[in-house]
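User: Could you take a close look at one helix pair for me, with the packing geometry and the contacts spelled out?

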Amino acid sequence: MDTNVPFSDKPRVVIVGCGFGGLQLAKDLAKAPVQVVVVDRNNYHNFQPLLYQVATGALEADSIAYPVRKIFAGQRNFFFRMADATGVDTAASTLHTSVGEIHYDYLVLATGSLTNFFGIESIERNAMQIKSIPNALNLRSFIFQNFEKALLTADPAQRQALMNIVVVGGGPTGVEISGSLAEMRKHVLPKDYPELDLQQMQIFLVEAGPALLGPMSEASQADASRYLKELGVIVRVNTSVKKFEDCKAYYSDTEFIPTENMIWAAGVNGAAMPGLPEAVLTRNKRITVNQWNQVQGLANVFAIGDVANLVTGEMPKGLPMLAPVAQQQASLLAANIVRLTKGEAPKDFEYFNKGVMAIVARNKAVVDLPKGIHFNGIFGWATWLFVHLMTLVGFRNKVVALVDWAFSYFSSDQALRLIIRPFKRRDLRDDQGKRTAEQLTATADYNPGPPAIQDVKA
């Protein structure tokens, strides 16, 4: 199939993925003497840090998404194809997609990351993840569906399992969604479900490591843990969930938490592209790149963002999977591509750490800035809100998010408690050994689509 990308006498830069890195790179190449082709399976940019707010009804899904074509309206050297990137032929400089082949002069992989289930099949099949807007909407529907079921059951044990929520993973996503759920339990659910005894609802945050927010300072770790405990979240560190089946989250062979709701936020793998040499892939599927973000051994293939593994003296395990890393890599790569078209030597990448932050609940957040600066509480919360509001793409999204946040803050309510599309999880005990195509292939999660409905053999 012909993708109908027009021929150009200028070098063609093909960017796979329109996350933070891909978006920034395409913008920075606006005035470069190149043709820019972006390939993504969805026609929108997804602001992943706020997915948990969609899942808990604090924001509308379209408040954190923005149409790709609208972002680049007026950029003459830009072309977009909505497609799955299925592989790359580096010898022929060709990207294979679900709509045809695209030749490239420079290929940039900005495919992001996908959920890492660490080979635990029962968790992969039964747990909920939160990597995309469809994931977030599924999670929102699933939680409220289970509360509707809890109203109808006469079995106390079953009701408890339907109400309990287990969040696995003590990173920013796990901390933020646990805090949001705790606030929802206090302010929202009693209004909707007065017939239920919400004192029985338990929210667990389970972390395999010794502390929450592992990459952040000890002060932030302690503050986040204290905030969550004040909200009534049961925090368990040095604890691993080994399997999840029959409404039980097992943390040993015999000990379990009764729950129908497990949210898996325990780790990610890089969304590497089929066709790359095995030698360039690390253990967690990230792509090894040099100081120019050039894929090892490939002169015209680059990787940026979560999928890129750039090792430095300060970070021997690779740069963190953060939006600022992807954006800074994209900006330098745009300049380096222009240099390469002129026959000039590219410049080395140097990461400027702007700090990290995590929100727990209203007036409760932690912020770490360079040079050991740490602050928390309402000032940290206001900082988090401002940074995320300014980073959202599109003026409308900024306004809508601000209005929704203001409404939630002053009313202690969240109006988006909607089950728009009911979600049915395919349970392990009913699966008969078959897996959905999405589960089987672990398709790269740069804005993944809804779960596949066809069955394939395991």
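Analyst: Happy to help; here is the packing of α11 with α12, followed by a short look at the cavity. This is a predicted model, in which local features need pLDDT of at least 70, side-chain atom pairs count only at pLDDT 80 or more, and totals for chains, interfaces and linings use all residues. Residues are numbered from 1 along each chain as its sequence is written, and side-chain values use heavy atoms, leaving out hydrogens and water.

Helices here are DSSP runs (H or I, at least four residues), numbered from the N terminus. Helix α11 covers residues 377-391 and helix α12 residues 395-411; their axes come within 9 Å and cross at roughly 155 degrees. Those axes are lines fitted to C-alpha atoms over the stretch in contact, with angles from 0 to 180 degrees between N-to-C directions. The two helices, α11 and α12, are therefore roughly antiparallel, a label for angles over 145 degrees.

On the α11 side, W381, W384, L385, H388, L389 and M390 make the contact, meeting K398, A401, L402, W405 and Y409 of α12; contact means heavy atoms within 4.5 Å. By class, this contact has 9 nonpolar, 1 polar and 1 charged residues, where Ala, Val, Leu, Ile, Met, Phe, Trp, Tyr, Cys and Pro count as nonpolar, Asp, Glu, Lys and Arg as charged, and the others, Gly among them, as polar.

As for the cavity, the largest one is lined by V166, V206, T239, V241, A249, Y251 and I257. A cavity is a set of points on a 1 Å grid over the protein atoms alone where a 1.4 Å probe fits but cannot get out, and lining residues have an atom within 4 Å of a point. That lining has 6 nonpolar, 1 polar and no charged residues.

How values were computed. 1 Å grid on protein atoms, 1.4 Å probe; cavity = no way out; pocket = protein on both sides within 12 Å on 5 of 7 lines; lining within 4 Å. Parallel < 35°, antiparallel > 145°, perpendicular 65-115°, else oblique.
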